[in-house]
Amino acid sequence: LTTSGCGPCNTNTIVPNVIWSTLPYSGPTTVCVGSTNTYSLPTIPGTFYSWSIAPAGATILNGGAYPNNFPVNNPMVNVNFTLPGTNTLTCNYNNPNTKKNCGGTTNIIITVKPKFNISGPSTVCQNMPGFYATTDGSTAAWTVTGQAGGFSPPTFSNAPNISVNWLLPGTYVLTAVPVTGANYCNPLGVSITIVVKPSPILSFVTPQTVVCTNGITNYTVTSN
């Protein structure tokens, strides 16, 4: 710009911060139960941020860009997820320095997947059955590896639970893989080590073979 008698005018560039009614966010929308994850919105000077999450089963932890004012004026938060399900993380923000006190709301829908797990004894006796089941009643594919002929049946159908007869002492590995693996944090399943102890052999300690009638005789046994 040139004006008569003044020469060229100084120029300057102003980059405005636009406060949209919904801001883009950063952070995962599918997480594992028990995990802690970070979520953030763009940092806009002069903007105040207020975070909340619902329903119960998730907690906003202290952390982010401005922890002293947490959770207000904090564009970044850490969230710990303690229960599986669906949570909504909400951030309400506004900038009082704008002419119309501009602001908005960003909602983040988060799916929290459970962990697949099984229950059952890890130490058993020879010739005794062991009962194993998925903790949530879901169907799994079951396999046992170890000494050949050491367990029966040799194979298992997909089911929520199985019973294994442990025939020979030794160490075995029982693996369960969820049929609906995509529903879990650990779609490849879990494995547990099974220790089968030998059956006890009882022996008398110096047994008395000749006794009197109407008398009391004590016998002692030991086992391996």
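This report walks through the fold, cores, ring pairs and backbone oddities of a predicted model.

**Overall picture**

Let's start with the chain as a whole. The secondary structure is all about strands: 19 of them, with 0 helices. Of the 224 residues, 30% count as buried. If you take the contacts with a separation of 6 or more, residues 24 or more positions apart account for 55% of them. The accessible surface comes to about 13500 Å², and carbon and sulfur atoms hold 57% of that.

**The largest core**

In soluble globular proteins, nonpolar side chains tend to be buried together. Here the largest nonpolar core has 20 residues, and the members touching the most other members are Tyr39, Trp51, Val79, Phe81, Leu89 and Ile110. Several strands feed this core, with at least two residues each from β5 (48–54), β6 (58–61), β7, β8 (85–94) and β9 (103–113).

Val79 is a handy place to look around. Beyond its neighbours within four places in sequence, Val79 is in contact with Ser35, Thr36, Asn37, Tyr39, Ile53, Ala58, Thr59, Ile60 and Leu89. One of those partners, Ile60, lies in strand β6. Is Ile60 buried or exposed? With a relative accessibility of 19%, Ile60 counts as buried, because the cut-off is under 20%. Ile60 also pairs up in space with Asn78: the two are 18 residues apart in sequence, and their C-alpha atoms are 5.9 Å apart.

**Ring pairs**

A pair of aromatic rings is described by the distance of the centres and the angle of the planes. Searching the whole structure turns up 6 aromatic pairs. Take Tyr39 and Phe81: their ring centres are 6.5 Å apart and their planes sit at 80 degrees, so this pair is edge-to-face. Tyr39 belongs to strand β4 (residues 36–40) and Phe81 to strand β7 (residues 76–81), so the pair ties together parts that are 42 residues apart in sequence. Tyr39 and Phe81 are both buried.

Tyr132 and Trp166 make another edge-to-face pair, at 6.4 Å centre to centre and 90 degrees between the planes. What does this pair tie together? Tyr132 sits in strand β12 (residues 128–134) and Trp166 in strand β15 (residues 161–166), so parts 34 residues apart in sequence are tied together. Tyr132 and Trp166 are each buried. The ring pairs carry on from there, linking Tyr132, Phe151, Trp166 and Tyr172 into a cluster.

Here are the two pairs side by side.

| Ring pair | Centre to centre | Angle between planes |
|---|---|---|
| Tyr39 and Phe81 | 6.5 Å | 80 degrees |
| Tyr132 and Trp166 | 6.4 Å | 90 degrees |

**The other core and Tyr172**

Back to the cores. The largest nonpolar core, with its 20 residues, has another lying apart from it, made up of 19 residues that include Phe116, Phe151, Tyr172 and Val196.

Tyr172 is worth a stop. Tyr172 is found in strand β16 (residues 170–178), and this residue is buried, with a relative accessible area of 0%. Which residues does Tyr172 touch, leaving out those up to four places away in sequence? They are Val144, Thr145, Gly146, Gln147, Gly150, Phe151, Trp166, Ile192, Thr193, Ile194 and Val196. Take Gly146: 26 residues along the chain separate Gly146 from Tyr172, yet their C-alpha atoms are separated by 4.6 Å.

**A nonpolar patch outside**

Some nonpolar residues turn up on the surface. Leu202, Phe204, Val211, Tyr219 and Val221 form a patch there, with about 520 Å² of accessible area together. Tyr219 sits in the loop between β18 (202–204) and β19 (221–223). At 42% relative accessibility, Tyr219 counts as partly exposed.

**Backbone oddities**

Two cis peptide bonds come next. The bond from Ala54 to Pro55 is cis, with omega near -5 degrees, and Pro55 is in the loop between β5 and β6. The bond from Ser152 to Pro153 is also cis, with omega near -5 degrees. Pro153 is placed in the loop between β14 (151–152) and β15.

Finally, look at Asn127, in the loop between β11 (123–125) and β12. Asn127 has a phi near 65 degrees, which is a positive value in a residue other than glycine.

Technical notes: Residues are numbered from 1 along each chain as its sequence is written. This is a predicted model: local features need pLDDT of at least 70, side-chain atom pairs count only at pLDDT 80 or more; totals for chains, interfaces and linings use all residues. Side-chain values use heavy atoms; hydrogens and water are left out. Rings of Phe, Tyr and Trp (its six-membered ring) pair if their centres lie within 6.5 Å; planes under 30 degrees apart count as stacked, over 60 as edge-to-face and the rest as tilted. Helices (H or I, at least four residues) and strands (E, at least two) are DSSP runs, numbered from the N terminus. Buried means under 20% relative accessible area, exposed over 50%, partly exposed in between (1.4 Å probe, protein chains only). A nonpolar core is a set of buried Ala, Val, Leu, Ile, Met, Phe, Trp, Tyr and Cys residues joined through side-chain atoms within 4.5 Å. Contact means heavy atoms within 4.5 Å. Patches are made of residues with over 30% relative accessible area and no salt bridge: like charges are joined within 9 Å, nonpolar side chains (Val, Leu, Ile, Met, Phe, Trp, Tyr) within 5 Å. Accessible areas come from the Shrake-Rupley method with a 1.4 Å probe; for residues, only the protein chains shown count as cover. A salt bridge is a side-chain nitrogen of Lys or Arg within 4 Å of a carboxyl oxygen of Asp or Glu.
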